[in-house]
Every structure is written in structure tokens, then in C-alpha cells.
Amino acid sequence: MHSFDSPISAETVAGAPLLRSRAEVLRELRHDELCRRCDPLRLGFETTGDLPDLDDALGQSRAIEAIRFGIGMERAGYNLFAMGPEGVGRHTAIRRFLEQQAASQPVPAEWCYVNNFESPHKPRALQFPAGLARRFSGDMARLVEDLRSGIPAAFETDEYRTRRQEIETEFGEHQETSVRAVDERAHKEGIVLLRTPAGFGFAPMRNNEVMSPQDFHQLPEEEQKRLEQAIETLQKELEAVLHEVPRWRREALRKLRELNREVISVVVNSQIEELVSAYGSLPHVRDYLASVQEDVLDHAEHFQKPKEGEQPMFFGMPIPQRDAGEAALQRYQVNVLIDHAGEAGAPVIYEDNPTHANLVGRIEHESQMGALVTDFTMIKPGALHRANGGYLILDAVKVLTNPLAWDAMKRALRASEIRIESLGQALSLISTGSLEPEPIPLQLKVVLVGQRMLYYLLHTHDPEFGELFKVQVDFEDDMERNGQSDLQYARLLATLARKEKLKPFDRTAVARIIEYGSRAAGDAAKLSVHAQDLVDLLCESDYWAGKEGRSVVSLADVQRALEVKERRADRVRARLQEQVLRGTVLIDSGGWRAGQINGLSVMQLGRFAFGMPHRITARVRMGSGKVIDIEREAQLGGPIHSKGVLILSGFLAGRYAISQPLSLSASLVFEQSYGGIEGDSASSAELYALLSALADAPIRQSLAVTGSVNQHGDVQAIGGASEKIEGFFEVCRARGLNGEQGVLIPASNVKHLALREDVVKAVAAGQFHIYPVATIDQGIEILTGVPAGERDAAGQYPIGTLNYLVERRLAQFAEHMRAMAGGGTTRKPWRGPKPK
Amino acid sequence: MSARRIVVRLEAAPRGTAAIETAVDLAARLEAELVGLFVEDVSLLQWAALPFAREIGMASVTSRRRDVASIERSLRSLAEEAHGALARIAERAPLRWSFQVARGSVLPELLAAAEQADVLVCRSTGLEQITAHGPADTPLLLLRNGPGAKTSVLTVCTANTSTDKAAGMLGGLAECGYDSLEVLLVCEDERVAREWEDAVRGRLEPGSLQKSVRIRSVSSAGLARLLEQADRR
């Protein structure tokens with residue numbers, strides 16, 4: 001049985017004189033380093049009412065350059081993807097720049113769909129200069145109205161009625177004469193032609209009446225045969241005549257159509273000529289009017305206004321018509337798809353609901369007798385139509401989550417044309433008759449607004465994306481903070497306040513919001529440009545100022561808004577702190593203990609983040625060189641946390657076990673943690689706990705630690721330093737500040753600190769301490785009060801130093817392992833340097 | 001005078017529809033009873049009884065054997081159709097109406113029915129020989145095909161036609177909206193014709209009706225020709 005008793009007792013190393021001497025060597029932060037204040041007196045204005053509006057988006061110079069480039073670049077594929085977090089003002093900035101640019105651009109063309117008389121299922125698209133489409137539609141409606149009175153009037157003329165009568169009489173006489181000729185021949189044979197219910201029949205005649213069967217049978221047999229043969233012959237003759245009737249009718253109809261054309265052509269041509277003279281400069285419109293002219297001449301019957309349910313007849317036969325009444329005249333309507341009348345500049349359209357149909361347009365149907373029918377008048381425009389010739393702003397995530405909308409948009413951009421296709425038709429879900437409208441040429445800039453992650457995902461997974469969205473507009477989360485930027489920030493606040501119609505803010509209020517901006521950016525040298533956050537704070541401050549009856553928002557109002565907002569969100573933090581204070585969650589804030597340390601974590605609940613201390617413990621024993629992360633073993637630790645723990649093994653092996661096996665088995669755990677742990681900001685705390693356990697050197701529990709560590713023992717920056725410090729401060733303050741408590745933070749995080757006023761005051765009063773730490777050695781000295789120790793010329797750590805103790809413990813583990821493996825007699829035990 | 005009874009010849013739709021509508025309109029105006037008469041042409045039955053009777057379809061131009069039973073079925077079917085059309089149209093107006101079927105030769109049956117009526121309404125088709133049978137004292141209102149789908153009316157009377165009935169019918173037609181009323185008087189004696197016209201005009205209400213009524217004398221042959229021409233349309 002080997003003994004691993006520590007050569008130093010807790011009482012020896014925990015002596016206050018030693019600790020204080022180390023702390024004096026390692027500088028602690030002054031109170032003025034904990035938060036970068038904004039001096040209201042240096043702002044140089046009284047209220048935001050004195051400040052002019054800010055023209056550009058503050059701190060977004062990269063994004064603005066990209067927008068200007070994207071707007072100016074006229075080549076295909078230079079569409080924009082505006083990326084960045086929600087609320088930084090991407091929409092506002094994009095819209096403002098696009099509207100400025102659009103105002104100087106010409107109003108784009110207007111588009112109509114009209115009937116294609118040759119192929120009605122392929123409606124024609126007509127392009128008009130701005131303001132003309134609606135006029136053309138009205139002119140066409142008037143044309144139809146005029147023709148509805150002009151054409152019937154032409155049909156009522158004596159000339160028309162006479163000539164029509166002639167045609168009808170000619171047809172009737174032709175038919176009657178032919179039948180009568182057969183009838184006359186029949187009479188000569190003693191036979192009569194009868195009109196039967198369905199046609200004609202021949203019968204022998206006696207005294208001008210049909211011969212009875214009895215009389216017929218009394219006739220001589222020869223006479224009977226003669227009559228039968230004669231009737232058979234006459235039947236054939238009549239059949240020959242009746243076979244000709246359809247041909248005569250067709251001929252008569254042809255003549256009637258020609259007559260109709262002749263009679264109405266004067267009316268029609270003069271009306272159409274007026275339109276041609278008005279729109280003749282547009283070749284496609286002129287072509288359309290020519291086809292209208294031909295169609296009207298061919299279908300004059302549509303304009304005759306028959307009574308409801310009454311069909312035009314020709315010699316007792318209905319004239320074939322595809323449509324009737326008002327419906328037939330719809331063919332001459334003009335469906336104005338896009339109308340820019342009265343507008344100035346190019347359109348800037350934001351489509352909030354970019355479904356497939358809302359993007360590329362749709363073809364509506366209506367139910368007729370249980371069937372779904374449609375025509376060109378039921379074509380409806382989409383956002384691409386409305387934005388054609390201008391700019392279209394879309395939320396990337398909405399386009400991507402609407403079925404087929406993304407593909408439809410890409411197809412339109414690639415083909416530079418808008419092809420309206422029913423979604424049901426495209427997916428073969430419905431088989432009802434539909435249309436294939438002529439595609440409309442597309443020329444516009446699309447601006448997608450989305451998260452950065454979406455941009456990178458699309459770039460990776462959609463090969464077309466890079467070709468279609470070549471302009472990356474990357475919005476910053478924050479901006480540099482300097483003397484000049486504070487004033488610029490104040491102008492931003494003034495602009496937002498005016499835009500939201502809020503009371504003016506005095507300079508103390510502005511200064512506090514600037515400090516809040518730093519805090520929100522998580523960096524004393526930065527300012528958050530999260531416009532939505534700022535607007536919320538401004539509005540809430542304005543509210544509290546109103547409650548107090550103030551006409552100018554002051555520091556007190558801003559402070560109250562911040563406190564009340566935090567109060568609304570901090571229920572979980574209060575519950576957790578309560579558990580700590582009641583001893584349910586074990587956190588020490590005083591005393592000494594080996595292998596135990598206060599780590600710090602940040603919890604993010606929605607937009608509210610707060611820090612909380614966690615007890616981290618380490619246990620060591622002889623083993624095979626593994627540091628067991630219990631969080632990972634229990635599947636409560638994330639990969640970054642696991643990585644941090646694995647780095648510890650690298651540090652231990654590299655520093656203490658270069659020439660011998662690391663015969664250590666250690667376990668690390670976040671005590672009383674039942675949720676997941678992620679991040680490596682506790683890795684330095686874990687290492688301190690491990691070193692403390694190995695050296696059996698107790699750690700001051702009045703301190704908490706944050707910071708990650710690398711394999712060389714350098715302490716690295718972490719996020720949320722301010723929240724973590726405040727989290728431990730809250731616990732200590734609740735228990736009573738005693739001047740011993742404090743937090744170790746990475747030295748590289750000092751510039752990020754934006755601590756609360758109460759923390760700053762406590763530090764200023766010497767009640768709380770914040771130690772910037774660059775290396776593990778610095779940190780362990782503060783925590784244990786034992787010098788870390790550096791290797792001397794012989795490569796040995798001085799006796800009594802913490803590193804000496806750790807190295808000796810690990811060597812003992814290694815020796816013991818060797819002894820167990822090979823009988824323990826082959827090598828000498830480890831000897832440290834002789835004590836002086 | 002007001003008419004008591006108007007007889008309309010019923011034929012299969014759509015040919016007979018115009019006659020029914022005119023007769024219903026007139027009967028409603030004159031508050032007369034309307035009688036729809038469907039004549040089963042006996043000559044068709046005789047023809048169908050012949051061993052070689054074949055019918056050539058007007059539309060199909062095919063020949064098929066017909067016998068008495070099939071013709072009777074066809075006539076019954078046409079009568080039912082005509083009855084239905086009469087009922088449908090007559091129900092639109094507040095009037096008394098009835099339906100009759102007669103079997104015999106068409107013209108004698110029509111004229112026999114006309115003897116019991118104040119007006120006989122029918123299509124002009126097939127009535128070329130009507131004067132040979134000599135219309136009695138009832139005016140005959142013939143419907144002619146006009147240009148397009150329009151129908152016009154023609155009144156046929158003889159010197160024996162009751163001037164009261166003729167004047168009553170003309171007054172009813174004027175009320176129905178006919179602004180031009182042509183009366184063909186089958187009479188070759190000018191003096192008799194003039195006396196008849198004077199008697200009728202004397203019974204017409206003064207005013208516009210006098211101007212809209214045109215009475216023209218024709219011979220029997222002339223009437224036959226006019227009706228033939230109308231028949232061709």
C-alpha cells in the first residue's frame with residue numbers, strides 16, 4: 001500500500017500572508033477599467049432634438065458599399081443577399097437605398113394579357129408604356145360597346161335585310177324546288193310525296209289522296225309492281241336531293257357570313273382604325289388590333305344581343321356559336337396585369353408572403369356546371385410582375401419554406417422571363433383545362449434578406465445560388481466605439497426617436513443608452529447596432545418618461561426601462577439564485593477546499609442572458625492517463641466542452657509527464673448540473689480544480705473563475721464575461737461582501753467588460769475584486785496562494801511550489817503503475833531536488 | 001266584341017312553339033278560351049299501312065320501313081310533346097285552355113275546329129289549299145317565318161268571315177304589340193271586298209289601329225302562291 005499524502009497541509013498553504021503577497025504581484029482591475037462610461041458633458045448637445053437625422057445606416061459601411069454596388073451593377077446575376085442578425089435594420093437600409101435609386105429610374109412598362117384568337121389557351125402579352133395599359137383597356141371596352149350598337153344597326157338596314165332575305169330565299173327555293181321536282185315527277189306516276197314525322201314518304205295516290213291498302217291490293221299485280229318500282233326510284237331521287245341539302249346550307253351560310261362581313265366592315269374598320277392611329281406605334285398592339293378586326297368580322301353574331309336563351313337562327317336552323325351573349329364578348333377584354341399609371345420611378349416591392357402563386361402569379365378558375373374553367377381574364381399578377389423593371393425584396397427563409405417558390409423564382413431569374421404556371425398543373429395534381437400565357441420578359445433586382453447561416457447553406461447546397469445572388473451584403477452586429485462614434489450613435493438615437501414619434505432624449509439618457517449599446521455588443525470598445533433593440537429601449541424609456549409627466553426622456557427613464565425590462569425577464573435567474581442562497585444548490589463563497597472551484601456559466605433565455613456560478617469538482621487517482629469528463633459520459637456535455645476537457649490532458653502531459661507516462665485517472669464534473677453544458681469557458685476552472693486536487697492545495701472558494709485554456713496553459717478569452725462576473729457578484733452580495741470575493745477572468749476579456757454600476761462601485765470600494773489572468777500559473781497562485789513555480793536550470797520546479805507538488809504526485813502515480821506492472825524493482829523511485 | 005274561343009294548331013316543337021305563344025298571348029288579351037288541336041294526319045296512317053312504306057329521314061337521309069304501329073307511336077309522341085309545350089306556355093298566362101287530338105285530314109279537321117272558334121291560329125306551311133275547302137266565318141291567323149328567327153302574322157279571311165270576329169282579332173293583335181297587321185281577303189269581287197273592308201274598319205277602334213291594318217284582296221290562286229313562298233322560307 002502506497003501513501004500519497006500531501007507534503008503540505010491546507011493550513012500551511014492557506015496562510016493569508018502568502019496569498020496577499022501573490023495578489024499584490026498580480027494586478028487586479030481598477031474600477032474605471034470595468035465599464036467604459038460615456039460622459040454626457042462631452043456629447044455636446046442638450047437633447048436629441050438638437051441632432052440632425054442620420055442618412056446612412058450607422059456602422060454598416062461594408063453593407064452600404066455592397067448595396068450601392070449591387071444596385072449599380074446592371075449585369076445578370078447581380079442580385080443581392082442581405083445577411084445579418086434579425087433587427088439590425090437590414091430591411092430599412094435596403095429599402096431606403098432602393099427607394100432612393102428607384103426614384104431616379106424610369107417608370108417601367110405596363111403589361112396586359114389579351115385573347116389569342118388563333119390559340120385561346122395561349123393568351124398574348126402586350127407591353128405598353130407607363131399609363132397606356134389602362135387607357136387601352138378602356139378604349140377596347142368602348143370599342144365593344146360601340147360595336148354592340150353599330151353592328152346591330154348595320155343588320156337592321158334595308159340593304160342587309162333584303163340581301164339576307166335573298167340568301168335565305170335562294171336556299172329555301174333551292175331546297176323546295178328540288179323536292180318539288182321529285183314531287184312533280186311522283187305526281188306523273190300517280191304517287192304523292194308525304195311529309196312524315198321524321199322526313200318524307202311516297203304513297204300511291206287516288207283522287208288526290210293517299211291510296212288505302214285495300215285499294216292498292218285490288219290493283220292489277222303489274223300496276224302494283226310498277227308503283228313499287230316507281231316509288232323505289234323516287235326514293236333514290238329524293239335521297240340524292242336531300243344529300244345535297246347540307247351542302248346548300250353550308251353555301252348559304254358562307255354567303256351569309258360574307259354578307260355580314262361586308263355590311264359590318266364599314267363600322268368595324270372605322271372603329272379599329274381609330275385605335276390603330278392611337279396605338280399604331282406599338283407593333284404588337286397593332287398586330288393584336290388586326291386580329292381583333294378579323295375576329296369581329298367573323299363573329300358579328302356576338303354583337304347582335306340575342307335574348308337570353310334564344311339562339312340566332314338561319315332558316316329555322318340554329319347558327320352554330322361557341323359562346324353566346326356577354327360571355328362571347330369577353331374575348332375582346334383587356335386584362336391589365338400591371339398598371340403604373342400615376343406612379344413615379346421604378347417599383348420597390350416587398351412581398352411578405354412569397355408563395356409560388358404570389359411570386360409568379362396565378363391562373364384562377366371559376367366553376368361552370370361543375371367544371372373548372374378559365375380564360376385570359378383570370379390571370380393574376382405576382383410580385384415578380386409588380387416589381388418588374390424595379391426591385392423586389394423577399395425574406396429568404398419565407399421563400400425557402402414556401403413549396404416550389406424558391407425554384408420558381410430561380411427559374412424566372414435564370415430565364416429572365418415570368419412564365420405563369422399553375423402549381424396544380426405543374427405537379428399534375430389537377431387535370432382541368434388551363435392556360436399557357438405568353439411569358440413576360442423580366443428585368444429586376446431581387447434582394448433576399450436572411451440570416452448568415454442561410455447564405456452559407458445556400459452557397460454550399462444550391463449551385464445556382466452563387467450565380468444568381470452574386471452580391472453579398474453583410475450587415476454588422478456592432479460598430480467601433482470612439483469619441484466620434486458616440487456622437488454618431490446619438491444621431492442614430494435621435495433619428496429613431498423621431499421616426500417612432502418619441503419625446504426627445506436628453507444627453508444623460510443618450511449616454512446611458514450608449515453604455516447599454518456597449519453592453520449589448522459584449523465589448524466596451526464596440527456599440528451594438530441592433531436597431532430593433534434600440535427602438536424597443538427608446539419606446540420603453542419614452543413610456544416611463546410619459547408616466548412621470550416629463551416632456552424630455554432622461555437618464556432615470558432609461559435606467560428604469562432597463563431595470564423593468566430585466567425584472568420582466570429574470571424570473572429564472574431569481575429562482576436559481578434563491579436555490580443557491582437557501583443552500584439547495586451548493587456554492588461556497590468563502591473558505592478553502594482542494595479539488596473544488598466556482599466556475600461561471602451564462603444562460604441565454606430568449607434575449608436575456610445572465611451568469612450563474614457552478615461548483616466544479618475534480619478527483620484524481622492513479623490510472624491510465626485519462627481525464628474523464630462526467631458531463632460527456634452522461635451525455636450532458638457538448639462537443640466544445642468535451643474538447644476543452646481533452647485539452648487538459650494535453651496540458652498535464654506536456655507540462656508534467658514528458659518523460660514518463662501520465663498515469664492519472666481524473667474525473668471532472670459540474671455539480672448539480674442537470675441540463676446540458678456547452679462551451680469551453682470553464683476549462684481553466686476545471687484545470688485549476690485538477691491541479692488543486694493533484695497538489696492537494698485548497699482553493700479559495702471566495703473566488704470564481706472563467707476562461708478557456710490551451711495546451712500551453714494560456715488563458716483565453718470567452719464570451720459573456722460581464723454577465724458571469726455579475727452572476728457571482730449577485731450571490732456574494734446576497735451573502736455579504738467581505739472584500740475577499742472576486743472573479744478571475746482572462747486578461748484578453750478586459751476590453752470587453754461593461755459591468756453594472758453596482759459591481760463597479762463594489763470594486764471601487766475594495767469589496768469585490770476582478771483579476772485579469774493570462775496564464776494558468778497566474779490563476780493558480782491567486783486561487784491557492786501557493787507560488788506556481790518555474791523550472792530552474794536543472795529543469796526542476798522549486799520545492800513547495802504548486803507545479804512541484806503536481807509533478808511529484810504524477811511521478812508517484814507513474815512509479816506505482818510501473819511497480820504494479822513489473823514488480824516494482826526495476827527503477828529508482830522519483831526524487832525531487834534536495835531542499836535547501 | 002270579345003273572342004270566346006281560339007283554336008291553335010299544335011305541331012311538334014320547335015315548329016309549333018311560335019303559334020302557341022301567339023295564340024296564348026292573343027287569348028290572354030281577349031280573355032278567350034284556348035284550345036290546342038293536334039291533328040293525326042290520317043293519310044300518314046294509310047301510307048304506313050302500305051307494304052312498301054318507307055320513310056326517308058330529313059336529317060339522316062336514310063330510308064327505313066314504317067308500319068301503322070310505328071307511325072301511331074310517332075304521332076302519339078308528337079302529340080304528347082305538343083301537349084307539353086302548350087301546357088308550359090299556357091301556364092304563363094291566366095287563361096283557360098284545353099288540348100284535343102283529332103284524327104283525319106289536316107285541313108278539314110282544322111276548318112271543322114275553326115267553325116266552333118273565333119280565331120284559328122296555325123303555321124302557314126301546308127295550308128296552300130285551304131281556300132279550296134273554304135274557310136267559314138272564322139278568321140285564320142297564319143304565322144310566317146320572317147328573316148332570321150322572327151315570325152310575322154298574316155290574317156286570312158274570306159267574304160264569309162265574320163267582320164266582328166275579324167275586327168276583334170285585329171284589336172287583340174294590336175294589343176299584343178303587332179304594329180303592322182296585314183289581312184288577306186280571299187275575294188275576287190272588288191265590290192264585295194270593299195264592303196267587307198268597310199264593315200271591318202267600322203268595327204275597329206278609331207285611331208292608330210285603323211292605320212296599322214292593311215286589307216288586301218287576293219284570289220285563291222294568289223293566296224296559294226303567297227303561302228307557297230312563305231313555306232319556302
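Here are legends for a handful of close-up views of this predicted two-chain model.

**View 1. Chain A on its own.** Chain A packs 29 helices and 32 strands into its secondary structure. Half-and-half is the theme here: 50% of the 836 residues of chain A count as buried, and carbon and sulfur atoms supply 50% of the roughly 39100 Å² that chain A exposes. If you look at contacts in chain A with a separation of 6 or more, 77% of them join residues 24 or more positions apart.

**View 2. Where chain A meets chain B.** Interface size is often quoted as the accessible area lost when the parts come together. For chain A and chain B that comes to about 2900 Å², with 64% of it on carbon and sulfur atoms. On the chain A side, α6 (158-188), β4 (191-195), β5 (199-206), α7 (213-218) and α8 (221-279) each bring at least two residues to the surface that touches chain B. The largest share of that side comes from α6(A), with 9 residues. Counting both partners, 36 residues of chain A and 27 residues of chain B take part in the contact. How many salt bridges does the rule find across the interface of chain A and chain B? The tally is 0. Polar contacts do turn up, though: 5 residue pairs between chain A and chain B, both residues at pLDDT 80 or more. As for scores, the model gets ipTM 0.82 and pTM 0.68.

**View 3. B:S74, a serine with a partner in each chain.** B:S74 sits in helix α3 (residues 68-90) of chain B. Is B:S74 buried or exposed? It's buried, because its relative accessible area of 17% falls under the 20% cut-off. Setting aside neighbours within four places in sequence, B:S74 touches A:P197 and B:R66. For chain B, the mean pLDDT is 82, and 87% of the residues reach 70 or more.

**View 4. A:L404, a leucine with positive phi.** Most residues other than glycine have a negative phi. A:L404 has phi near 65°, a positive value. Look for A:L404 in the loop between α13 (396-401) and α14 (405-415) of chain A. With a relative accessible area of 33%, A:L404 counts as partly exposed.

**View 5. B:E31, positive phi in chain B.** B:E31 isn't a glycine, yet its phi is positive, at about 55°. The loop between α1 (17-30) and β2 (33-41) of chain B is where you'll find B:E31. B:E31 is exposed, because its relative accessible area of 71% is over 50%.

Terms used
Residues are numbered from 1 along each chain as its sequence is written. Chains are lettered from A and ligands numbered from 1 in the order in which they are written. This is a predicted model: local features need pLDDT of at least 70, side-chain atom pairs count only at pLDDT 80 or more; totals for chains, interfaces and linings use all residues. Side-chain values use heavy atoms; hydrogens and water are left out. Helices (H or I, at least four residues) and strands (E, at least two) are DSSP runs, numbered from the N terminus. Buried means under 20% relative accessible area, exposed over 50%, partly exposed in between (1.4 Å probe, protein chains only). Contact means heavy atoms within 4.5 Å. Accessible areas come from the Shrake-Rupley method with a 1.4 Å probe; for residues, only the protein chains shown count as cover. pLDDT is the predictor's confidence in each residue, from 0 to 100. Buried area is the accessible area (1.4 Å probe) that two parts lose on being put together, summed over both. A salt bridge is a side-chain nitrogen of Lys or Arg within 4 Å of a carboxyl oxygen of Asp or Glu. A polar contact is a pair of N or O atoms within 3.5 Å; within protein, one must be able to donate a hydrogen and the other to accept it, and residues adjacent in sequence count only if both atoms are side-chain atoms.
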